[in-house]
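Q: I would like to learn how to read a sheet, a helix and an annotated site in a protein model. Could you take me through one, step by step?

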Amino acid sequence: MAEYKQILNNYKALPGGLLEAYHAVQGEYNYLPGEAVREAAAVFGVSASQAFGTATFYSYLKIGKRGRYIIRICESAPCHIAGAAEIITVLEKELGIKMGETTADGKFTLEFTECVGQCQATPVITINSVPYTDIKPAQVPEMLAQCR
Ligand code: FES
């Protein structure tokens, strides 16, 4: 795993480098470590509040630790009607966490998402942004086992 200091420095001289650097750090870590945001302030010569302000303005940037596998459940209407709630129940039970939480071993995070454009085969979940369609509750344990 590349050091976040090195990643930040790679973008230092580029226009819009701060946002690009956040992208790259999140790509490597799956989230933005708080220390990386503080370090970014020093590297890019901005105040800590500006560095955090940029990080929190964009909803796709996540400050704080998240799991290696980010599982998102589509909660838009077609998936909702198709039984997304049952999938959520099984995921929460299997992982022992609630939506929005990360497992203690740092492996899984559960999040909601809006429609991901796969409404032809609902309900839909994504694992690290890869969509899985027409999910049945009985399939969930096996899907998780494949990540473990
Ligand atoms: S509503 Fe869930 S993928 Fe479109």
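A: Happy to! Let us begin with a pair of strands: β1 and β3 pair in the antiparallel sense, over three bridges. One of the residues involved is Arg72, whose bridge partner in β3 is Thr126. Do keep in mind that this is a predicted model.

Q: In which sense do β1 and β2 pair, and over how many bridges?
A: First the general idea: strands of a sheet pair through backbone hydrogen bonds, either parallel or antiparallel. Here, β1 and β2 pair in the parallel sense, over six bridges. Two examples help you trace this on screen: Ile70 has Thr109 of β2 as its bridge partner, and Ile73 has Phe112 of β2.

Q: In what order do the strands of the sheet come?
A: The order is β2-β1-β3-β4, four strands in an open sheet with mixed pairing. The edge strands are β2 and β4 (130-132), each of which pairs on one side only. On average, neighbouring strands are turned by 25° against each other, direction ignored.

Q: Which helix packs on this sheet?
A: Helix α7 (residues 140-147) does, and it touches β1, β2, β3 and β4. The direction of α7 makes about 15° with that of β3.

Q: Is β1 mostly covered or mostly open?
A: Mostly covered: five of the six residues in β1 are buried. Here, buried means under 20% relative accessible area.

Q: Now the annotation. Where does UniProt place the "binding site" feature?
A: The UniProt record, an unreviewed entry, puts "binding site" at Cys74, Cys79, Cys115 and Cys119. These positions span 46 residues in sequence, yet no two of their C-alpha atoms are more than 9.6 Å apart, so they gather at one spot.

Q: Is Cys74 buried or exposed?
A: Cys74 is buried, with a relative accessible area of 2%. Its place is in strand β1 (residues 69-74). Leaving aside neighbours within four places in sequence, Cys74 is in contact with Cys79, Ala84, Thr113, Glu114, Cys115 and Val124.

Q: And where does Cys119 lie?
A: Cys119 lies in the loop between β2 (108-113) and β3 (125-127). Cys119 is partly exposed, with a relative accessible area of 39%.

Q: One helix to finish: which residues of α1 are buried?
A: In helix α1 (residues 4-11), the buried residues are Tyr4, Ile7 and Leu8. Seen down the axis of α1, they fall within an arc of 100°, so they line one face of the helix. What covers them includes α2 (17-29) and α3 (34-44).

Definitions and conventions
Residues numbered from 1 in each chain as written. Predicted model: local features only at pLDDT ≥ 70, side-chain atom pairs only at ≥ 80, totals over all residues. Heavy atoms only, no water. UniProt positions renumbered as here; feature names shortened; annotations may be inferred. Buried < 20%, exposed > 50% of the residue type's maximum accessible area, 1.4 Å probe, protein only. Contact = heavy atoms within 4.5 Å. Pairing = 2+ DSSP bridges. Arc of directions from axis to C-beta. Axes fitted to C-alpha atoms, helices over the stretch in contact; angles between N-to-C directions.
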